[in-house]
Amino acid sequence: MILIDGKKAAAELREELKHEVEGLKAKYNKVPGLTVILIGDLTPSQIYVRNKEKSANEVGLKSEVLKYPDSVEEKTILEKIEELNKDETVSGILVQLPLPKHIDKQKVIETILPSKDVDGFHPMNVGNLSSGYESSVPCTPLGCYLLIKKVEPNLSGKKAVIIGRSNLNGKPMTQLLLKENCTVTITHSKTKDLKAECLEADIIVAAVGIPELVKGDWVKKDTIVIDVGINKIENGIVGDVDFDEVSKNAKALTPVPGGVGPMTIACLLKNTIECFKRSQI
Ligand code: NAP
């Protein structure tokens, strides 16, 4: 079984991006800039943002984090986004989710210029992705896609089963694999026989949020299994895939932690650089 090392893949991607940033700096005499807006003091959000900032600095991006208290008014955030939209030194804007209840997430997402939407959540980017046009792609599915391509560069004709239909993971993952000419089945909580669907799959991407849902006997011998889940249990963190069981059957599998997670941040940097490059044309 191939253990898909997301940490290693992310480090390789960051190294590539670092060289790319050096090239862009030499060509344009400026570097891509990422601005992250962090509202409130939720510990996981703070950790994510710290890691994003650290990785952005590592590849040579200009990065800043704007912090606001939980009580900040929606209007203040929207005005700041408008200001960042106009700022030529800012290539990408990310508002760390979740937001406090009094702030309308969709309004925030739609205020970010699509060309600076490094999360790929703006309806314009969602539409472009599903129409097969150039767009920012949500970072986690983009990371999954790059990991799958490392194991199997030619995905044409493969059967993929996506577990979960969230806007964040399942739906964009479907679009990416469709573009690669996979035959994609998207499953969800109302799917009648998930095991039977999985047994048909050459590729399974599990983005559910249920600890160890995917069992060993759900997976064929030659299946690539990507585990997006991050679930806290009593003695640590597990994915949506039963690692011990599935690793005995699958062709390739991502561990949790150390699989998809590290790629998510590396893909955010990639998206920032892509936004910068598109803005220079
Ligand atoms: P979400 O928005 O809660 O969506 C979960 C999806 O799973 C829904 O579409 C739901 O179906 C489906 N589902 C629930 N129970 C199911 C079942 N028994 N069988 C089949 N499908 C079922 O979750 P998300 O935001 O996509 O996140 C999924 C997991 O990924 C979470 O563990 C999250 O922490 C993790 N995550 C990881 C990263 C990373 O960087 N590695 C990034 C983001 C998220 P319905 O639509 O019918 O409700």
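This passage walks through the ligand site, the domains, the open and closed spaces, and a few backbone oddities of one predicted model.

A word on the ground rules comes before the results. The model is predicted, so local features need pLDDT of at least 70 and side-chain atom pairs count only at pLDDT 80 or more, while totals for chains, interfaces and linings use all residues. Residues are numbered from 1 along each chain as its sequence is written, and side-chain values use heavy atoms, with hydrogens and water left out.

The ligand makes a good starting point. It is surrounded by 21 residues, and the closest are Arg165, Ser166, Asn169, Ser189 and Thr264; a residue is near the ligand if one of its heavy atoms lies within 4 Å of it. Sorted by class, this shell holds nine nonpolar, eleven polar and one charged residues. Here Ala, Val, Leu, Ile, Met, Phe, Trp, Tyr, Cys and Pro count as nonpolar, Asp, Glu, Lys and Arg as charged, and the others, Gly among them, as polar. Helix H10, residues 260-279, gives the most to the shell, with three residues. Helices (H or I, at least four residues) and strands (E, at least two) are DSSP runs, numbered from the N terminus.

Some polar contacts can be picked out around the ligand; such a contact is a pair of N or O atoms within 3.5 Å, and within protein one must be able to donate a hydrogen and the other to accept it, with residues adjacent in sequence counting only if both atoms are side-chain atoms. An N or O atom in the side chain of Arg165 sits 2.7 Å from an oxygen atom of the ligand. For Thr264, a polar side-chain atom is 2.8 Å from a ligand oxygen. With Ile230 the backbone does the job, as one of its polar backbone atoms is 3.1 Å from an oxygen atom of the ligand. On its own the ligand exposes 930 Å², and the protein buries 69% of that, with accessible areas taken from the Shrake-Rupley method with a 1.4 Å probe and, for residues, only the protein chains shown counted as cover.

Zooming out, the protein chain is assigned domain 1 (29-113) and domain 2 (139-261). Their C-alpha centres lie 29 Å apart. The bounds come from an automatic or database domain assignment.

Next come the spaces in the protein. On a 1 Å grid over the protein atoms alone, a cavity is a set of points where a 1.4 Å probe fits but cannot get out, and a pocket is an open set with protein on both sides within 12 Å along at least five of seven lines; lining residues have an atom within 4 Å of a point. Grid points are joined across faces, edges and corners, and a volume is the space filled by probe spheres set on the points.

The second largest pocket has a volume of about 260 Å³. It is lined by 17 residues, with Glu88, Thr89, Val90, Ser279 and Gln280 closest to its centre. Helix H3 (74-86) and H10 are the elements that give two or more residues to this lining, and H10 gives the most, with three. The class count is four nonpolar, seven polar and six charged residues.

As for closed spaces, the whole structure has one cavity of 30 Å³ or more. The largest cavity has a volume of about 60 Å³, and its lining includes Ile93, Leu94, Val95 and Phe121. Strand E4 (92-95) gives the most to that lining, with three residues. By class the lining has eight nonpolar, no polar and two charged residues.

Finally, the backbone has a few quirks. Most residues other than glycine have a negative phi, and most peptide bonds are trans. The bond from Leu97 to Pro98 is cis, with omega near 5°, and Pro98 lies in the loop between E4 and H4. Another cis bond joins Val256 and Pro257, with omega about 0°. Asn181 shows a positive phi near 65°, and Glu212 has one of about 50°.
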